[in-house]
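Please open the model in the viewer and follow the selections below in order.

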Amino acid sequence: MTGKKNISLIALSLLSFSLADVRDGLGPFLGVYLQGKNWMPDEIGYVMTVGGLAGMLLTTPLGALADGTRKKRSMLAVATGMIVLSVMMIFRCHFFPVVAGAQIVQGIMAAAVAPLLTSITLGLVGQKGLAHRLGQNEAWNHFGNFSTAVLGGLAGYYYGIPGVFGVMLVMGLCSVVFVFMINPGLIDYDTARGLEKEKNAVPTPAGRLLANSAIIVTGLILFFFHLGNAALLPLLGQSAVASFKVDPAVYTAATVVIAQLTMIPMALLAAKLAEKRGYGPVFLFALLALPARGLVAGFWHDPWSIVPVQILDGVGAGLIGVATPGIVAKILRGTGHVNMGLGIVMTLQGIGAALSSTVGGLFAYHAGYGAAFLALTVSACCALALFLAAGRWLPPFGTELVN
């Protein structure tokens, strides 16, 4: 059994690696690709927003489905395939209705990935091993982003942006292979949804999640975090291409590489910190990094600003990526609705991420890229202020939530 579980955990790591290039679609490459097709910044922001909003509307139901289904691997494989197909549609046709439709499909399927992956992980390792395993998942995910950014940069250098599409297609096929390497017999389906081992344990009424102040406040913090964070990297790439005439594929790849190299150790550090001190310090350090990132981007107008900007992105995203599913699993432990709760939190953060593209695009179009970066920084400060003021609603972010 130990050997089979090790194989499944290795497959889970490889799945986290390969999904890195799939669940976000083209990510920052989409902006520079559409910019090369003579799209304006606000148009790019609109299509990014519509995809995010579509995913946001279904994130909570998809989280509930991840709780209830035993077909977790098949669902994850289908979601992966649909994302790849939607990206190929954008490659074949870059007219606004087609790109918007493809982004909607991608947004919905991407919304299913996180709760399914968290559910499989929780079912394999349980609550006790979750913090450590989340760190491993995130580290492999960021290593995947780093690797595919390097491959995408090389492919873009030699073949242009279309080379990036080819890299994503290969990683999508690998994801389908790796997900089916996980042994379904090793997944505890009660633990995977947050039920305890007590005899006859049943889920609590789902409606109570909407009255759970800790979940709602956590979601609002992440709303402001992603409102200030999501559009910054695509806008940074567009700004450099417009102002300094850099190679779009290579520059965008460089921004991703710097961030992902930082996120790998940050994810592992977040897991260790959560195990020893709880999730409070993890959230705090992540929320402090984001305003600093926006200020550097807003005031330092130079291609080399990507270095500190993306290092700070690595710190913030590396920490928050581990903390978010971990704290939701602990808050909702025993309810049987962990992934639905994660869906609620992701819905709120998805609204923020979707609006970020529109807000950033509008500021960039009407007031310039510097103003857009500073506008996003204001949202980052709101996230930090809410976290510091939310002690009356949140449970203690201490070690009792991890053990």
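A residue is called buried under 20% relative accessible area, exposed over 50% and partly exposed in between, with a 1.4 Å probe and protein chains only. Select the whole protein chain: 60% of its 403 residues count as buried. This is a predicted model, in which local features need pLDDT of at least 70 and side-chain atom pairs count only at pLDDT 80 or more, while totals for chains, interfaces and linings use all residues. Residues are numbered from 1 along each chain as its sequence is written, and side-chain values use heavy atoms, with hydrogens and water left out.

Colour the chain next by secondary structure, which comes to 15 helices and zero strands; these are DSSP runs (helices H or I, at least four residues; strands E, at least two), numbered from the N terminus. The C-alpha trace spans about 65 × 45 × 35 Å along its principal axes.

Now select helix H5, residues 96–125. How many of its 30 residues are buried? The count is 21, and H5 is thus mostly covered. Step one residue beyond H5 to glycine 126, whose phi is positive, near 75°.

Add helix H14, residues 338–367. Its axis and that of H5 come within 10 Å and cross at roughly 145°; axes are lines fitted to C-alpha atoms over the stretch in contact, and angles run from 0 to 180 degrees between N-to-C directions. Finally, show the side chains where the two helices meet (contact means heavy atoms within 4.5 Å). Ala114, Pro115, Thr118, Ser119 and Leu122 of H5 face Val338, Asn339, Leu342 and Met346 of H14.

Terms used. The expected span of a helix is 1.5 Å times one less than its number of residues.
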